[in-house]
Amino acid sequence: MCLKAAGSYDYKDVLQKSLLFYEAQRSGKLPADQKVTWRKDSALNDKGENGEDLTGGYFDAGDFVKFGFPMAFTTTVLSWGLLDHHSGYQSAGSVEECLKAIKWATDYFIKCHVSEYEYYGQVGSGNVDHGYWGRPEDMTEARPAYKITASKPGSDLAAETAAAFAAASLVFRSSNSTYADILLTHAKQMYDFGYKYRGLFSDSITDSKCCYTSTHYEDELVWGAAWLYRATNDKTYLTYVDALWDSVKNMYGFDWDQKFGGAVVLLAKLTGDTKYKTAITNYCNYVYQQGSRTSKGLIFIYDWGPIRYATSIAYVCLQAADLGINTASYRAEAKKQMDYALGDAGRSYVIGYGNNPPTHAHHRAASCPDAPAVCNWDTYHGSQPNAHVLYGGLVGGPNKSDEFTDVRTDWQHTEVGCDYNACFQSMLAHFIELGY
């Protein structure tokens, strides 16, 4: 098989399509400038326990639950990418679209933060939601809202949301300082909430365990503190990092649950401290030199959305490369992971892009033909391609043998997720900036 030569993918086109994917995931009342026109208003009755308006935000993946924890991670990383690779977004003509993608989440998070120590971290029951296959516009099931409080804490959720607020405040600082101030106020309150009242969010919002069970909260507290330090220059946040360092220094990973890789490379950048540089160097060297891979070169961490893990790790190691840590080799390895996703292994894993892209993604809304056509479990089990092209969606990817079967029923490999595209999109912006 003749594969594309390295560097022959149109990263700008993929980045633009990734932003269309986020449009397709929007919940609530859609704006007049919505480009993904097969999506309509949905979940307009999302409310808190006391009737609070909880409309907006993003549907998590191929389903219609709004899980605040991975949504906050997504928002932090999208903000990070726009902050540090602004010229890449400019070259792609996508700065405004990325700002809109970030604000769609932060507007929702503001609604969810109903009082200082009260935050709605999930809308919709995963267990109930997964019993329905149809359009989001047609949902009729109850959509309960779940919150963390001082007596039912979620340090991980609170600190990750604080990171999202803080990172977004930096993004909007030059264009909308009033909004940036609002975001920073919420960031400080949410961090205080998470630091003061300790616990795992999935022990308080137990319905989340269908899909997202958190393993630690100390890494989110470090990650959140790093972002608040970046946003405020208040060294108090570094003392929080120091107090927590011994509990996180032997952690690993970077994804919706593990924040170690992102936190240490950000702290290395902000402080120049050798211990953070050493930590990220050891981590990247271990993954790149000793970690498991497929025969075609994909870093293989886990058999559920493997490309998401590979690109997330590659993104933080790309940040390390910017600090002068093994720059050439880390950039080359990150590019390998990106180009695997775009077609180097023989097919594209990005919907609507490249050679033989997925057409049967596990995604309810895209699978459904326009109303009034029927969409139900027969649609799910059918062999027909999805009715709509979910442009830019990064599917989970292959198994450890580089094998991929494009069927809706294999959600571990054909589902998409807001978190899947976050590091992927940020890495695209970085490569564009580098002139790749």
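**Buried residues of helix α14 in the predicted model.** Tyr-330, Glu-333, Ala-334, Lys-335, Gln-337, Met-338, Asp-339, Tyr-340, Ala-341, Leu-342 and Gly-343 are the buried residues of α14 (buried: under 20% relative accessible area; exposed: over 50%; partly exposed: in between; 1.4 Å probe, protein chains only). The model is predicted, so local features are limited to pLDDT of at least 70 and side-chain atom pairs to pLDDT 80 or more, while totals for chains, interfaces and linings use all residues. Residues are numbered from 1 along each chain as its sequence is written, and side-chain values use heavy atoms, without hydrogens or water. The buried residues of α14 pack against four helices, namely α1 (11-24), α12 (274-290), α13 (306-322) and α18 (418-434) (contact: heavy atoms within 4.5 Å). Helices (H or I, at least four residues) and strands (E, at least two) are DSSP runs numbered from the N terminus.

**The kink in helix α14.** Helix α14 comprises residues 327-344, and its end C-alpha atoms lie only 22 Å apart, whereas a straight helix of 18 residues would span 26 Å (expected span: 1.5 Å times one less than the number of residues). A kink of about 30° is centred on Met-338 (bend: the angle between axes fitted to the seven residues ending at a residue and the seven starting there). Met-338 itself belongs to the buried residues of α14. After α14 comes Gly-346, which has a positive phi near 115°.

**Helix α6, the span of which agrees with expectation.** Helix α6 is formed by residues 155-172. Its 18 residues should span 26 Å, and the 25 Å between the end C-alpha atoms agrees with that value. Of these 18 residues, 17 are buried, so α6 is largely enclosed by the rest of the structure.

**The disulfide between helices α12 and α13.** The structure holds three disulfides (disulfide: a pair of cysteine sulfur atoms within 2.5 Å). In the pair shown here, the sulfur atoms of Cys-284 and Cys-317 are 2.1 Å apart, and the link is left-handed, with -100° about the S-S bond. The pair joins distant parts of the chain, since Cys-284 belongs to helix α12 and Cys-317 to helix α13, 33 residues apart. Cys-284 is buried at 0% relative accessible area, and Cys-317 is likewise buried at 0%. Both helices, α12 and α13, are among those against which the buried residues of α14 pack.

**The disulfide of Cys-210 and Cys-211.** The sulfur atoms of Cys-210 and Cys-211 are 2.5 Å apart, and the two residues form a disulfide. This link is left-handed, with -100° about the S-S bond. Cys-210 is partly exposed, with a relative accessibility of 32%, and Cys-211 is partly exposed at 28%.

**The disulfide of Cys-368 and Cys-375, with a cis peptide bond.** Cys-368 and Cys-375 are linked, with their sulfur atoms 1.9 Å apart. The torsion about their S-S bond is about -70°, so this disulfide is left-handed. Both cysteines, Cys-368 and Cys-375, are buried. The peptide bond between Ala-371 and Pro-372 is cis, with omega about 10°. Pro-372 is placed in the loop between α15 (364-367) and α16 (377-381).

**Pairing scheme and two cysteines without a bond.** When the bonded cysteines are numbered in sequence order, the pairing is 1-2, 3-4, 5-6. Cys-98 is not bonded, because its sulfur is 13 Å from the closest cysteine sulfur, that of Cys-423, which is too far. For Cys-423, the closest cysteine sulfur is that of Cys-317, at 11 Å, also too far for a bond. Cys-98 is buried, with a relative accessible area of 0%, and Cys-423 is buried at 0% relative accessibility.

**Two loop residues with positive phi.** Ala-43 is not a glycine, yet its phi is positive, at about 50°. Ala-43 sits in the loop between α1 and β1 (66-67) and is buried, with a relative accessible area of 13%. Asn-233, again not a glycine, has a positive phi of about 60°. The loop holding Asn-233 connects α9 (218-232) and α10 (236-248), and Asn-233 is exposed, with a relative accessible area of 57%.

**Confidence along the chain and at residues 1-7.** The average pLDDT of the chain is 96, and 98% of the residues score at least 70 (pLDDT: the predictor's confidence in each residue, from 0 to 100). For residues 1-7 the pLDDT is below 50, and this stretch has nine contacts in the model beyond near neighbours in sequence. Residues 11-428 are 52% helix and 4% strand, with the end C-alpha atoms 6 Å apart.
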